[in-house]
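I opened my notebook to go through one protein chain. I wanted to know what is hidden, what is open and which charges pair up.

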Amino acid sequence: MLEINCSGETLRLLPDKAVFWPRRKTLIIADLHLGKPAAFRKSGIGVPENTTTDDLARLDGLLEQNGGERLVILGDFFHATAGLQPEMLETVETWRGNRSSLEILLVLGNHDKHAGHPPSSWNIEIAENPRIDAPFLFCHEPQESSEQYVLSGHIHPAISLSEKFGGGIRAPCFCFGQRCAILPAFGSFTGMRNITPRKGDRIFAIGSGQVIALTY
């Protein structure tokens with residue numbers, strides 16, 4: 001864990017690719033992509049089978065460790081319609097039943113708009129548009145706001161460490177710019193996209209169970 005100040009608020013950057021906002025007891029994640037392995041398997045591509053269970057277990061651990069009472073998902077809760085298989089849905093429904101007191105807000109992402117909303121029985125609040133929770137604006141795609149600091153996902157950011165540690169090494173990262181932050185993808189079966197830091201960006205790489213501030 002690494003704590004930073006952002007717009008006057010303390011945020012904890014967690015090595016499990018999540019942010020915790022202590023004042024609001026809120027865990028913030030982006031790009032869960034539930035059902036992606038199932039969608040791949042339906043297409044005949046062999047991929048791991050336990051990612052949904054593992055990712056939900058990670059969520060449980062983070063909520064317990066940090067005293068989280070609310071979960072904010074910055075888009076792409078589901079991956080695709082093809083991934084909405086009974087086993088995956090039953091796994092998530094069971095998890096939700098065990099976490100019935102947890103407040104969940106989903107800011108819809110581009111994948112959600114094609115895959116559809118979670119079942120109403122899961123009691124997840126849906127935000128069709130970015131949601132203000134001052135001083136932050138919860139978004140899926142990165143953007144800038146003149147009034148709130150944006151927390152977003154979508155990019156699945158990674159940083160190349162080759163110049164510091166040798167060729168071919170990269171790591172998922174948090175990128176905190178002047179007016180917008182991009183969180184790493186929480187889902188364990190997601191890709192990454194290398195970013196190029198801009199002047200003034202704060203980059204925090206994730207590796208070996210640590211969050212490490214990088215200097216450029």
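**Entry 1: an arginine and its partner**

Is Arg-99 buried or exposed? I looked up its relative accessibility and found 15%. The cut-off for buried is under 20%, so Arg-99 counts as buried. I note here that the model is predicted.

Next I looked for a partner. The side chain of Arg-99 meets that of Glu-64 in a salt bridge, with 2.8 Å from N to O. Arg-99 sits in the loop between helix 3 and strand 6 (103-107), while Glu-64 belongs to helix 2. The two are 35 residues apart in sequence, so the pair ties those parts together. Glu-64 has a relative accessible area of 57%, so I wrote it down as exposed. My reminder to myself: side chains of opposite charge can pair when their charged atoms come close.

**Entry 2: other salt bridges**

I counted salt bridges in the whole structure and got 11. I picked out Asp-133 and Arg-24, whose closest N and O atoms are 3.0 Å apart. This pair links distant parts of the chain, 109 residues apart. Asp-133 is in strand 8 (residues 131-133). Arg-24 is in the loop between strand 3 (18-21) and strand 4 (26-29). Asp-133 has 12% relative accessibility, so it counts as buried. Arg-24 comes to 33%, so it counts as partly exposed.

Then I turned to Arg-58 and Asp-55. Their side chains form a salt bridge of 2.8 Å, N to O. Both lie in helix 2, three residues apart, which is about one turn of the helix. Arg-58 is buried at 18% relative accessible area. Asp-55 is buried too, at 4%.

**Entry 3: enclosed space**

I searched for empty space next. Rolling a probe the size of a water molecule over the atoms shows where such space is left. I found two cavities of 30 Å³ or more. The largest has a volume of about 60 Å³. Its lining has 13 residues, and the closest to the centre are Phe-77, Val-92, Trp-95, Ile-104 and Ile-124.

Which helix gives the most to this lining? Helix 3 does, with three residues. Helix 2 (51-66), strand 5 (70-73) and helix 3 (86-98) each supply at least two. I sorted the lining by class and got 12 nonpolar residues, no polar ones and one charged.

**Entry 4: a pocket**

I also checked the second largest pocket, which holds about 180 Å³ of space. Its lining includes Gln-143, Glu-144, Cys-175, Cys-180, Arg-198 and Asp-201. By class, six lining residues are nonpolar, three polar and three charged.

**Entry 5: one valine**

Val-150 lies in strand 10 (residues 149-152). It has 0% relative accessibility, so I recorded it as buried. What does Val-150 touch, leaving out residues up to four places away in sequence? I listed its contacts, among them Leu-137, Cys-139, Ser-145, Arg-179 and Ala-181. Gln-143, Glu-144 and Cys-180 are also touched by Val-150, and these three line the second largest pocket. I looked up Phe-176 as well, 26 residues along the chain from Val-150. Their C-alpha atoms are separated by 9.5 Å.

**Entry 6: the whole chain**

I finished with totals. The chain has five helices and 16 strands. Of its 216 residues, 50% are buried. It exposes about 10300 Å², and carbon and sulfur atoms supply 47% of that.

Definitions and conventions
Residues numbered from 1 in each chain as written. Predicted model: local features only at pLDDT ≥ 70, side-chain atom pairs only at ≥ 80, totals over all residues. Heavy atoms only, no water. 1 Å grid on protein atoms, 1.4 Å probe; cavity = no way out; pocket = protein on both sides within 12 Å on 5 of 7 lines; lining within 4 Å. Points joined across faces, edges and corners; volume = space filled by probe spheres on them. Helix = DSSP H or I, 4+ residues; strand = E, 2+ residues; numbered from the N terminus. Nonpolar A, V, L, I, M, F, W, Y, C, P; charged D, E, K, R; others polar. Buried < 20%, exposed > 50% of the residue type's maximum accessible area, 1.4 Å probe, protein only. Areas by Shrake-Rupley, 256 points an atom, 1.4 Å probe, with all protein chains shown as cover. Contact = heavy atoms within 4.5 Å. Salt bridge = Lys/Arg side-chain N within 4 Å of Asp/Glu carboxyl O.
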